[in-house]
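Student: I have a structure open in front of me and would like to learn how to read it. Could you take me through it?

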Amino acid sequence: MNTVEIIFSPTGGTEKVAHIIGKQWSENPRIIDLTDPKTDFSACVMDQEDQVLVAMPSFGGRAPAVAIERLKQIAGNGAKCTLVCVYGNRAYEDTLVEMEDAAQTCGFRIVAAIAAVAQHSIIPQYAANRPDASDEKQLIQFARQIADRTEAVTCIPGNRPYKKAGGAGLVPKPSKDCVKCGVCAKNCPVQAIDPATLSADPKKCISCMRCVKQCSHEARKVNGAMVSIAALAIKKACSIRKGNELIL
């Protein structure tokens, strides 16, 4: 039996959560990176005996469309699967049920689901420094509960039809500090950044903030006024620390 982590984590929060869980099952899991546009995901085939973890962030209460599209290309072959959605302390809404539908389409056998909190990728004052030590302890407990589970998950929270997906909204732009190194364009999960101008196509950009996170010169920015408006809009929902959830 192999442990496989299938992860879409543009800024690292989802990856951190996934590794905390997956490490309880194997020291050397196989990693499939759904942010890599060059990977042929149709060549990723699971064995029925594999233990698989599928982890994605929640973007406005939905799973990232590109992550779902890439996941659907993978052959699950009846492997048991735990779904993990990671959100920034507001709400995950229909993310898990959307992941459930995609995973079932692939042929995975879903035995558990987890909703976990990590630092908000756009508004970092929300869920700052999470997952923290308390989160890690709880996620480890979840992983141990799931390890030998074979029963199918009962009822994953969420709605069908899913809530309407929002647009990109906040599109990072290069600032005067940009040295044109091209790291942002090279690592964009949806190839939305022009390698020549380093400007992002707003029709392709998914506001994942990877380019902002990975720029060592802090030279990619989003509109500060729009971020402030967004922060105010979700302040009430994010004011109380939310816990991680295990669904069996």
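Tutor: We will go from the sheet to the helices and then to some individual residues, keeping in mind that this is a predicted model.

Student: Let's begin with the sheet. In what order do the strands of the open sheet come?

Tutor: Read a sheet from one side to the other and note who sits beside whom. Here the 6 strands follow the order E2-E1-E3-E4-E5-E8, and their pairing is mixed. Strand E2 (30-33) and strand E8 (245-247) are at the edges; each has a single partner strand, so one side of each has no neighbour in the sheet. On average, neighbouring strands are turned by 15° against each other, direction ignored.

Student: How do I follow one pairing in detail? In which sense do strand E1 and strand E3 pair?

Tutor: Pick two neighbours, check their direction, then look for residues that face each other across the pair. E1 (residues 3-7) and E3 (residues 51-57) run in the parallel sense, joined over 5 bridges. For a landmark, find Ile6, which stands opposite Val54 in E3. On the next step along the sheet, E3 and E4 also pair in the parallel sense, over 7 bridges, and there Leu53 stands opposite Thr82 in E4.

Student: How many residues of E4 are buried?

Tutor: For this, look at the strand's two faces in turn. E4 has 8 of its 8 residues buried. One side carries Lys80, Thr82, Val84 and Val86, while the other carries Cys81, Leu83, Cys85 and Tyr87, and both faces are covered.

Student: Now the helices. Which strands does helix H1 lie across?

Tutor: With a helix on a sheet, ask what it touches and which way it points. H1 (residues 13-22) lies across E1, E2, E3, strand E4 (80-87) and strand E5 (109-117), and runs at about 170° to E1. Helix H4 (residues 133-146) also packs on the sheet, where it touches E4, E5 and E8, and its direction makes about 175° with that of E5.

Student: Which residues of H1 are buried?

Tutor: First a general idea: an α-helix has 3.6 residues a turn, so residues three or four places apart point the same way. In H1 the buried residues are Thr14, Val17, Ala18, Ile20, Ile21 and Gly22. They pack against E1, E3, E4, E5 and H4.

Student: At what angle do H1 and H4 pack?

Tutor: A helix pair can be described by its angle, its distance and its handedness. H1 and H4 pack at about 50°, with axes 8 Å apart. That angle makes H1 oblique to H4. The crossing of H1 past H4 is right-handed. On the H1 side the contact uses Val17, Ile20 and Ile21, and on the H4 side Glu136, Leu139, Ile140 and Ala143. By type, the contact residues divide into 6 nonpolar, no polar and 1 charged.

Student: Let me try a single residue, Thr95. Is Thr95 buried or exposed?

Tutor: Compare its relative accessibility with the cut-off: buried means under 20%. Thr95 has 0% relative accessibility, so it counts as buried. This residue belongs to helix H3 (residues 95-106). Setting aside neighbours within four places in sequence, Thr95 is in contact with Pro57, Ser58, Gly61, Arg62, Ala63 and Cys85. Tyr162 is another one to look at: Thr95 and Tyr162 are 67 residues apart in sequence, yet 8.4 Å apart in space, C-alpha to C-alpha.

Student: What about the backbone? Which peptide bond has omega near 5°?

Tutor: Omega tells you about the peptide bond itself, so check it residue by residue. The bond from Arg130 to Pro131 is cis, with omega near 5°, and Pro131 is in the loop between E5 and H4. Another cis bond joins Arg160 and Pro161, with omega about 0°; Pro161 lies in the loop between H4 and strand E6 (173-174).

Student: And phi? Where is Asn89 placed?

Tutor: Look for positive phi in residues other than glycine. Asn89 has a positive phi of about 80° although it is not a glycine, and its place is the loop between E4 and H3. Asn89 is buried, at a relative accessible area of 3%. Lys180 has a positive phi too, near 60°, and sits in the loop between E6 and helix H5 (183-187). Lys180 is exposed, however, with a relative accessible area of 59%.

Technical notes. Residues numbered from 1 in each chain as written. Predicted model: local features only at pLDDT ≥ 70, side-chain atom pairs only at ≥ 80, totals over all residues. Heavy atoms only, no water. Pairing = 2+ DSSP bridges. Helix = DSSP H or I, 4+ residues; strand = E, 2+ residues; numbered from the N terminus. Axes fitted to C-alpha atoms, helices over the stretch in contact; angles between N-to-C directions. Contact = heavy atoms within 4.5 Å. Parallel < 35°, antiparallel > 145°, perpendicular 65-115°, else oblique. Left-handed = near helix turned anticlockwise from the far one by under 90°. Nonpolar A, V, L, I, M, F, W, Y, C, P; charged D, E, K, R; others polar. Buried < 20%, exposed > 50% of the residue type's maximum accessible area, 1.4 Å probe, protein only.
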